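Please work through the exercises below with the sequence and the coordinates at hand. Each task is followed by a solution that goes step by step.

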Amino acid sequence: MPGSAFVVDEQQLAKFEYTDINRMMRQVPGVYLQEEDGFGLRPNIGIRGSGAERSEKITLLEDGVLIAPAPYSAPAAYYFPTAGRMSGVEVLKGATILRHGPATVAGVVNLISTRIPEKASGQLILEAGNFGSNRVNASYGNSGENGGWLVETHQQESDGFKDIDRSNSGTGFGIEDYMLKGRLNSDRQAATYQQLDVKVQYSEEASDVTYVGLTDADFNADENRRYGLTALDQMDTRHSSATLRYLVQLQPMLSLTTTAYYNKFKRDWFKVDQIDGGGFGSVIDGANNGDQSAQGILDGNIDANVSIKHNNREYLSKGVQLVADWTFANHQLQGGVRYHEDDVDRFQPTEVYRQIGSELIFDAISDPSSSNNRVEKAEALAVHVMDVWGVNEEMELTLGLRYENIKTGQRRYSDVARSTSNVTAENNVDELLWSVGITYELSDQWQLLAGAHAGFSPASPGSQQNVDPEKSANYEVGTRFQGNNLNITAIAFYSDYENKVTNCSVAFPCGDLTIGSESEGESETKGLEFTLSGRLYTNSKLSIPLTVSYTYTDANITDAAESGNQSGDVLPYVPENVLNAQLGFELVSGWSTYLSASYIDEMCIDSSCGRSAVDNTLLKTDDVLIFDLATHFLLTEATSVYLKVDNLFDEQGVVARSPGGARPGKPRTAAVGVKFKF
């Protein structure tokens, strides 16, 4: 491919039996992962310095279809597909990402669900671990000459690893996920081959998670503590989706694929919003700076008003896309058009409690303000054309164009009945993007690659016309080596942002702004991605595979906008160094053991932390080194057992400080499981 691409396939995922997307993707170069809850329920994924906030600057797909709740009108992905039921993860960067969108500044993450089997077969995984954790994953399907089907469920729960002051409430989660796939197809030898694929999915989640972190002193005393005023915090979600895909092979070299999709997501995150009329983050900051009254409120020793908001939202995303693939002469030509609509409806009342004598006593319900009683909508038309041209036996050239027309708007309501409203923001964006990529075969083992493309990410629908979308010019150059037992890739990348945009939220506010977008000005991101995979040793009885992935990144603002930033400021949550190494020992007798080591450098949580005169103590995360271990034993050809230990040495540093307070990663967690194939 004329660009960086990485696939975590089914065999890789089975090594550690991960269900956390953060751990699944640690081996992918150029990817930054900001943990939040320790389980990967709401991951923050960034690529090549794009920013990780709620994965809003990447294009998130499941089986090639947009899966974020509202990728245009509310790109912050508070819903993420259940990672435990996935059979693979694709990460694409470079020139080819213009096939997708809307976000093309950084890359694409495509989650691959379980495939329909070629014959009657199934799998059952049963797992149990500490912290009251257990998991069941079951699937079964079959295929015939003219069709196939698959049913799957993923059930997972945990009591959580944190302890809430003066409360027996859990801090874990429960997930139920169900999927059904079906396929109808004509005879393989038919003059015009046709195939119809259907996928429906439904999931529910209840997770006892909070936005409130810890002061540094409390973190150092017990990183797994939660303050008693967060005892009622809980996220409840429901997600349903349907995809219908029709393929017709008009000629051996010409096919048309039409895909219609529908995604609905409903959530209510009931969580602490304010304490005594101010943001909870200010109370954390006050306690960090020695305010004993603030610390007393957090400890439950001082009475206070605690506002807990129903962050109640309904998302709808739907669309239809047509893609034509035509191969002729030395060209692989693809053209596509997609019409998409999405919206998010917020109706977010607040319940007020009194913290009296360290207990939460219900006081009143407050109707939502207009900013918490609003609807945002988007309509988008996207067209792309891409030609992969085999210039000669050694060189392949990829040329692409993408056009996006996006209309967004926001309407706010001034009363609960929604009898009075006004439009508070409208925006209309037209953007033409380009890409070019090249690969050159030096030999059967060595390949050179280079590429450039225009990056684009739309601003929030809460923004006015004077807020431009995020734009960048992105470049990469590198080489690949593929030998019998060794594969190496090294790619240097550079992104020049004409306008770096932050979409503001409670989790990642722009100063006091929590709605809309803010321009940070011009910025640059440059770095290096390196991967190595091969086998250190192999004979008739033993094989020792090794994979290494390393990313170096330097990202800063070069010409600040009028937003409080300064030229030279760093970009938040972009680590300088990220390293992952995996070593395995595989015996033909059926025993295999794998060890993973993941290092992530400290990260600035705010642009100002890179300034020489600023105290960085509370503006950086810790650098962390985490080891995971898994061992498998094959009992029979169809049955195996495994033991896995995440965070083997129980290292819990500060992995995040947003939106308010220090947060730990998951502690040492062990689980045993059994896998049946039938």
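Two strands are taken to pair if DSSP finds at least two bridges between them, and the elements themselves are DSSP runs numbered from the N terminus, helices being H or I runs of at least four residues and strands E runs of at least two. The model is predicted, so local features need pLDDT of at least 70 and side-chain atom pairs count only at pLDDT 80 or more, whereas totals for chains, interfaces and linings use all residues. Residues are numbered from 1 along each chain as its sequence is written, and side-chain values use heavy atoms, with hydrogens and water left out.

**Exercise 1. Strand partners**

Task: Establish which strands pair with β18 and in what sense.

Solution: Begin with strand β16 (residues 254–275), which runs antiparallel to strand β18 (residues 304–328) and is joined to it by 21 bridges; in this pairing Ile275 stands opposite Val306. Next, take strand β20 (residues 350–356), which pairs with β18 in the antiparallel sense over 6 bridges, with Glu351 of β20 opposite Ile308. Finally, strand β19 (residues 331–347) is also an antiparallel partner of β18, through 16 bridges, and here Gly319 faces His340 of β19.

**Exercise 2. The turn between β18 and β19**

Task: Describe the connection between β18 and β19, and state the backbone sign and the exposure of Ala329.

Solution: The two strands form a hairpin with 2 residues between them. Within that loop, Ala329 has a positive phi of about 50° although it is not a glycine. As background, most residues other than glycine have a negative phi. For exposure, the cut-offs are under 20% relative accessible area for buried, over 50% for exposed and in between for partly exposed, with a 1.4 Å probe and protein chains only; at 73% relative accessibility, Ala329 counts as exposed.

**Exercise 3. An open sheet**

Task: Give the strand order of the open sheet of 5 strands and find its edges.

Solution: The order is β1-β6-β7-β4-β5, and the pairing is mixed. At the edges stand β1 (5–8) and β5 (65–66), each with a single partner strand, so one side of each is left without a neighbour in the sheet. To examine one edge, note that β1 pairs with strand β6 (residues 86–92) in the antiparallel sense over 4 bridges, and that the bridge partner of Val8 is Val89 in β6.

**Exercise 4. Salt bridges across the sequence**

Task: Determine which parts of the chain are joined by the salt bridges of Arg135, Glu205 and Asp63.

Solution: A salt bridge requires a side-chain nitrogen of Lys or Arg within 4 Å of a carboxyl oxygen of Asp or Glu, and the structure holds 34 of them. First, Arg135 and Glu17 meet at 3.2 Å, N to O. Arg135 lies in strand β9 (residues 133–144) and Glu17 in the loop between α1 (10–16) and α2 (21–24), so this pair ties together parts that are 118 residues apart in sequence. Arg135 is buried, at a relative accessible area of 3%, and Glu17 is likewise buried, at 6%.

Second, Glu205 forms a salt bridge with Arg42, the closest N and O atoms being 3.1 Å apart. The partners are 163 residues apart, with Glu205 in strand β13 (residues 193–207) and Arg42 in the loop between β2 (31–34) and β3 (44–47); both Glu205 and Arg42 are buried.

Third, Asp63 and Lys199 form a salt bridge whose closest N and O atoms are 2.7 Å apart. Asp63 lies in the loop between β4 (59–62) and β5, and Lys199 in strand β13, so parts that are 136 residues apart in sequence are tied together. Lys199 is buried, with a relative accessible area of 10%, while Asp63 has a positive phi of about 55° although it is not a glycine.

**Exercise 5. Cis peptide bonds**

Task: Locate the cis peptide bonds that precede Pro102 and Pro659.

Solution: Gly101 and Pro102 are joined by a cis peptide bond with omega of about 15°, and Pro102 is found in the loop between β6 and β7 (108–113). A cis peptide bond also joins Ser658 and Pro659, where omega is about 5°; Pro659 lies in the loop between β34 (654–656) and β35 (663–664).
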